[in-house]
Protein chains: 2
Amino acid sequence: MQLSIRLPIYDPSKAPEDELNATWEMWDIVRSVCDYNPRLTLTLDLTPPLPTTLGVLSKWTAEPVQHIFLPASTFIANTKGYPVLPKGTQSFVRQSMAHRPIIIMSDVRSGTHSKGGESAYSQYIRHLEKSSPVVQAALKAGTVENFAQGYQDYLQAPLQPLMDNLQSITYQTFERDPVKYRNYEEAIYNALVEWPASDRIVICVAGAGRGPLVARSLLAIQRSRRPAFVYAVEKNPNAFVTLQNRQEMEWGSGVQLIYGDMRSIEIPEQADILVSELLGSFGDNELSPECLDGAMRFLKADGISIPCSYTAHLAPLQSSKLFNETRMNKDPSKSAETPYVVMFQNVDILSADGGGLGGRCGPQTQECWEFEHPRKDGVVDDRGLPITNSHNTRSAKLTFHIPHAGVLHGLAGYFEAVLYKGVGLSIHPQHKDRVSKDMLSWFPLFFPFKDPLYLPSNSELQVSIWRLTNERQVWYEWYAESFLPVFSAPLPGGEDHKTPTSSHDPFFASTTTHVAVPSPLIDAVDSSFSPVSGGEEGRKEDEGVREKACAGAVKIGQTLLHNPGGRSSWIGL
Amino acid sequence: MQLSIRLPIYDPSKAPEDELNATWEMWDIVRSVCDYNPRLTLTLDLTPPLPTTLGVLSKWTAEPVQHIFLPASTFIANTKGYPVLPKGTQSFVRQSMAHRPIIIMSDVRSGTHSKGGESAYSQYIRHLEKSSPVVQAALKAGTVENFAQGYQDYLQAPLQPLMDNLQSITYQTFERDPVKYRNYEEAIYNALVEWPASDRIVICVAGAGRGPLVARSLLAIQRSRRPAFVYAVEKNPNAFVTLQNRQEMEWGSGVQLIYGDMRSIEIPEQADILVSELLGSFGDNELSPECLDGAMRFLKADGISIPCSYTAHLAPLQSSKLFNETRMNKDPSKSAETPYVVMFQNVDILSADGGGLGGRCGPQTQECWEFEHPRKDGVVDDRGLPITNSHNTRSAKLTFHIPHAGVLHGLAGYFEAVLYKGVGLSIHPQHKDRVSKDMLSWFPLFFPFKDPLYLPSNSELQVSIWRLTNERQVWYEWYAESFLPVFSAPLPGGEDHKTPTSSHDPFFASTTTHVAVPSPLIDAVDSSFSPVSGGEEGRKEDEGVREKACAGAVKIGQTLLHNPGGRSSWIGL
């Protein structure tokens, strides 16, 4: 049995502060009380006109919307008298097509619109589907949406790149990425042209796989007209066979192959440029820092690493789909402590840029930490290898502004890398189209939370995350706390007032001494307080006032610490 | 390995609003991050002087305080120069003795106090232990504390009174209760004396067990000098043998024994008084309503049921001990959905009387529902039995005021019963000493929550609980939501102001239009706003102001629905 609950997208009869969230709050209680049963779905009723605050609509993308209910009364007549949807509804229905809902139409025989009759409504909906950007992107070769068909919201266990050897098919999939290797070639070219045309330049490809970076290095050498030589290091014996074939058939004497682990082998001479492709969805999560620590011995003191740096980024997300996928695993407690590679679809990012108490919240997606190569602070033994791995531990505490009530189910993890001088790779949702549009090789990382954490409108979420290590493993731990800001203005007299603890009426006696901002019930308006449009001067002027006006934030909730000591998930060294 | 964390009871260096909770908040994060590991305990450091708000001290009783750290500097000198503790600390240490902490003293050789030397400190602590009310009560025969030795915080699975027959030892334990049967005798006596001295009165004891209520009925008959006859119904064959012996040896012809289930047998004549002892810790949780429905056929239309009514009561509680006991079970998910009988010790009740938004919160312990016998609304078949059990379903939604931040781990369940006219039985913490002091037969019921729910200071907790039934089972379901009140005062102009959703700066623009109460960070003062001391007039005057001043409450969290459909726990009919 399947049960679908029909709910209006919002409740116009409620007070303005409540209306936008009222029906979602209702749904949230029903599905929580039903323990997220996957047989319980939503039928979104578009009878009331859409709200003007579109930010609240996006949360429905994280819910199991199986049907959309569209009565004829929601349609308006176009100039020719045919039924069409108002602009906002059009766009909402187009976006919803990503989730392939069943559209239920009603009253289409009532003759509400003069032209086209009964079939005009369904023809129009079919037109919206065809013109939906998501549907179009999925049909177009070369897009991530097309590449990811069938992988949406599917939890992929992360790779164990050092412990396991990749399969040939995996190499083949990743080699198809048109953007990644183009950018690598560009970065290598940019590096090469910095040398005088006469110098012999040594390139070392650390982790050559089946050879794509070797081929791109050779193309960059050709374009740059520099005399250069390439060493290619690879530990996977199967991939090494392919390398040997390619050297014989394609590359010839400009390339020397070296078999072995970059952390233990030696190469005949030090390199000017070290090229590697060891990055994971979260940057360092496939042990690029540790591998490159081992390979830095091959690089001259003033040599260049490509990539030269990379950063890890997080954003809080809501998704009943991913929450259920995580629980469906045979060992749910381990499964909820494992980061997965996921192509997000049925997901809503809960955070918005800036805002929060005293403007202390960062952007929608926030940077956790950075790794640079070559390291500047390295302590190494006489073979050039680091003595411990403690320099590769990291930690971050990030504060996110949550404008609209939602439920935290996990964190979205992204990376950005600087390959060399202005050429990079990025899956950061706000930067990727600028840096590496249509790059296919990485889906985001998903850090699940075991139990959903309810977050009210205008709350703040503080996420703590650690990258930790022992002699054999690297793992992440994560944890979050929620806060609700409480404001109190300075006294007219000037000095801050301290409420005496002996007050007889703590709830009411000091209303004269505290002034608050609007109720946290009132949703933030999406367009407001953007750090871009607001300008820096305006913000600085406000800061003094703001600091005085802040009483603090009340802690309202917390999650468990996930994966303590790497008990459920880790990457082997 | 055991790890004990030494923490001061509060942090005097913090701002007044934060100081009372600061160290507990710290502990709460540490133990949550350590997933309530039972090897992690607390060492309470009494170096800073105790805070004046004693309410915050009680929360430590719900924590695993294994040691108390007492430096010589905490002691003051009495008039003779011997070290003693200040009054508040004395009383705190006396209360803490219930948990048998190890007292660690330091600096006792420094000569801080002129008299008694090193041993004076430990002699004084031993004196506090001996004079601790809890320790004294445990030593005194006849007290609940003495009776419950070894049962503190031990989870007892509830009885299945209809499906299983009680063992003789169980009867024996309960028959030892000096208070319960005295009150029953008094209630029967009060009922008997309402009849004219000449009438023949018929008493039916429904569920006679090994006969205590039969014996008390005979004593009441004797005292009242009424001609009365007793029918004793019992379904347990082992208990019935005891009844037969007692009739032969003690009772004689004034009693007739009837073997069988009160829901199906017939008795020779209808009774004037129906006496039963079917109550559980939560009143109806051992199916008294259903059993008495079956037995009501025996009662004349104007007959009396003893008990004539009973109510179920709840209060929210914190207890890391009970949380861990629940999880230690072999099937933790079932275990967290089962109500247990528990003698509370390492437990703190989180709620306080009244308070909350618009004074809408009820008292510390709140009534859920009532059952009355005989029923006034009964629809019965031609045998006098109810057609369905739906009239015995109940539901309640209770709102509790939480003055000090804490963690919800479960609900404490209690009952009160009116036996007859002013004679009752009660384990309600605020009433029991008045109604039935030193009654031993019932420990409270504990409804656990699967996951801890953090509650900030001055928050509100809304508890929903249901008593549900099908043809074979009765069960409870429970659920809670947390809220934080947000206040906004009416405009000086009079009309309430609605913040337009198009505001450009939702966090700051309308500070002029809203006036708030003090930050929820500030703890409520315990003595304030008591409905008793405040008086009714004062409260009524405030109500108008209060209603206008309320903006609403922000939802901040929720629990799972526990035991839906009776999947984990139920009582068989």
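UniProt lists E277(A) and E286(A) under "active site", in an unreviewed entry. Their surroundings were examined in a predicted model. E277(A) sits in the loop between β10 (271-276) and α10 (288-295) of chain A. E286(A) is likewise placed in the loop between β10 and α10.

The contacts of E277(A) beyond four places in sequence include K180(A), Y181(A) and Y184(A). A206(A), G207(A), P212(A) and L213(A) complete that set. With K180(A), the side chain of E277(A) forms a polar contact of 2.6 Å. E286(A) has a relative accessible area of 17%, under the 20% limit, and therefore counts as buried. Outside its sequence neighbours up to four places away, E286(A) touches L159(A), P161(A), L278(A), L279(A) and G280(A).

The same UniProt record type, again unreviewed, gives a "binding site" at Y171(A), K180(A), Y181(A), E234(A), D261(A) and M262(A). Two of these positions, K180(A) and Y181(A), contact E277(A). K180(A) belongs to helix α7 (residues 178-192). Y181(A) also lies in helix α7.

K180(A) is buried, because its relative accessibility is 4%. Y181(A) is buried as well, with a relative accessibility of 4%. Neighbours within four places aside, K180(A) contacts L425(A), M439(A), S441(A) and W442(A) in addition to E277(A). For Y181(A), contacts beyond four places comprise F174(A), E175(A), P212(A), L213(A), R216(A) and E277(A). P212(A) and L213(A) thus touch Y181(A) and also E277(A).

Technical notes:
Residues are numbered from 1 along each chain as its sequence is written. Chains are lettered from A and ligands numbered from 1 in the order in which they are written. This is a predicted model: local features need pLDDT of at least 70, side-chain atom pairs count only at pLDDT 80 or more; totals for chains, interfaces and linings use all residues. Side-chain values use heavy atoms; hydrogens and water are left out. UniProt positions are given in the numbering used here, feature names are shortened, and annotations may be inferred rather than shown by experiment. Helices (H or I, at least four residues) and strands (E, at least two) are DSSP runs, numbered from the N terminus. Buried means under 20% relative accessible area, exposed over 50%, partly exposed in between (1.4 Å probe, protein chains only). Contact means heavy atoms within 4.5 Å. A polar contact is a pair of N or O atoms within 3.5 Å; within protein, one must be able to donate a hydrogen and the other to accept it, and residues adjacent in sequence count only if both atoms are side-chain atoms.
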